[in-house]
Amino acid sequence: MSSFNQALTSTLGKKLIMALTGLFLCTFLIVHLIGNLQLFKDDAGKAFNDYAYFMTHFPPIKAVSYLLYASIIIHAIYALLLTLHNKKARPVGYASYAGNKNSTWNSRNMGILGTVLLVFIATHMANFWWKFHNDEVPYIEYRTNLNTLETQVTELNASDFTDYQKFTENGEEVTKARDLYKQVEYAFQNPVLVAFYVLAMAALSFHLIHGFNSAFQSLGFDHKKYVPIVRFLAVWLFGVIIPIAFAAMPLYFFFCK
């Protein structure tokens, strides 16, 4: 086995891979949140449906999406490998061990939090990604008067839709799209799904607070100069702002739509 392979399969190498894939996923969450904020626009879903088409058809983003899927799988596998390694290294717990004094709650329960998030990802993709890519969502047409900027919205039959289109005719901008916005609105009328999304965002908060800090420690950024910045971002950006913003989306559709 080469020294490179040995490095990757060592405990330190596994932690490094966990750190890099985790930080990539954190970056994705920021971008994904910015795009999903279009759901709050009062435009019958036009901005969000445009965003959904862009994210699934712009070649560089499509390429990054495969890296995203790979990162999720690799992150989960290496998390499991590290957990098994740690249990094997210490099959019998120390008699005097007091978990709440030696570690935080979220650090002790990263496996449970990660499992909740994996179930959430599968549920999320089944409800939206799968339906969008397999034409299991409605179709919609927007006609915007370029003089008055008023928009007329019409639901299309499957026979009237071929693919996403945007063109101008008779002084109107016409957009025909898969209506993922309507699918989001429909899905979040289910109180069980909404409750699960909110629970998953709570799990995401605890997972990211510990994970973001740990990632920078694994990468060697544990100097007192960087620690306060990393902790601030971990708690306020990834532990508070991002999970609350994502949780607000199902709550908004359930209570306000």
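## Cysteines

In this predicted model, the count of disulfides comes to zero when a pair of cysteine sulfur atoms has to lie within 2.5 Å to be accepted as one. Two cysteines illustrate opposite surroundings: Cys26 is buried, with a relative accessible area of 5%, whereas Cys256 is exposed, with a relative accessible area of 54%.

## Overall architecture

The secondary structure of the protein chain comes to 10 helices and four strands, and along the sequence these elements follow the pattern α-α-α-α-α-α-α-β-β-β-β-α-α-α. The C-alpha atoms fill a box of roughly 75 × 45 × 35 Å, taken along the principal axes.

Of the 257 residues in the protein chain, 36% are buried. When contacts between residues at least 6 apart in sequence are considered, 72% of them join residues that are at least 24 apart.

## Annotated transmembrane regions

According to the UniProt annotation, which comes from an unreviewed entry, the label "transmembrane region" covers residues 16–35, 63–84, 110–130, 192–212 and 233–255. Two of these spans can be described from the model: residues 63–84 are 100% helix and 0% strand, with end C-alpha atoms that lie 32 Å apart, and residues 233–255 are likewise 100% helix and 0% strand, with end C-alpha atoms 30 Å apart.

Helix α9 (residues 191–218) contains Ser205, a residue that is buried, with a relative accessible area of 12%. Leaving aside residues up to four places away in sequence, Ser205 touches Phe238, Gly239 and Pro243.

## The four-stranded sheet

The four strands form an open sheet in the order β2-β1-β4-β3, and the pairing is antiparallel. Because β2 (151–156) and β3 (165–169) stand at the edges, each with a single partner strand, one side of each is left without a neighbour in the sheet. From one strand to the next, the twist averages 20 degrees.

Strand β4 (residues 172–178) is joined to β3 by five bridges, and these two strands run antiparallel. In this pairing, Lys166 stands opposite Thr175 of β4, Phe167 has Val174 as its bridge partner in β4, and Thr168 stands opposite Glu173 of β4. In a regular strand the side chains alternate between the two faces of the sheet.

On the other pairing, seven bridges join β1 to β4, again in an antiparallel arrangement, and the bridge partner of Tyr142 in β4 is Thr175. Thr175 is thus a partner of Lys166 as well as of Tyr142. Six of the seven residues of β4 are buried, so this strand is largely enclosed by the rest of the structure.

## Helix α3 against the sheet

Helix α3 packs on the sheet, where it touches β1 (139–145), β3 and β4, and its direction makes about 60 degrees with that of β4. The buried residues of α3 are Lys46, Ala47, Phe48, Asn49, Asp50, Tyr51, Ala52 and Thr56, a list that includes the charged residues Lys46 and Asp50.

The length of α3 can be checked against its residue count: at 1.5 Å a residue, its 12 residues (residues 46–57) should span 16 Å, and the end C-alpha atoms are 17 Å apart, which agrees.

## Turns and loops with positive phi

The strands β3 and β4 form a hairpin with two residues between them, and in this turn Asn170 has a positive phi of about 50 degrees.

Two loop residues also take positive phi values although neither is a glycine. Asp135, with a phi of about 55 degrees, has its place in the loop between α7 (110–133) and β1, and this residue is partly exposed, with a relative accessible area of 39%. Leu149, with a phi of about 65 degrees, is found in the loop between β1 and β2; at 62% relative accessibility, Leu149 counts as exposed, since that value is over 50%.

Methods: Residues are numbered from 1 along each chain as its sequence is written. This is a predicted model: local features need pLDDT of at least 70, side-chain atom pairs count only at pLDDT 80 or more; totals for chains, interfaces and linings use all residues. Side-chain values use heavy atoms; hydrogens and water are left out. The expected span of a helix is 1.5 Å times one less than its number of residues. Buried means under 20% relative accessible area, exposed over 50%, partly exposed in between (1.4 Å probe, protein chains only). UniProt positions are given in the numbering used here, feature names are shortened, and annotations may be inferred rather than shown by experiment. Two strands pair if DSSP finds at least two bridges between them. Axes are lines fitted to C-alpha atoms, for helices over the stretch in contact, and angles run from 0 to 180 degrees between N-to-C directions. Contact means heavy atoms within 4.5 Å.
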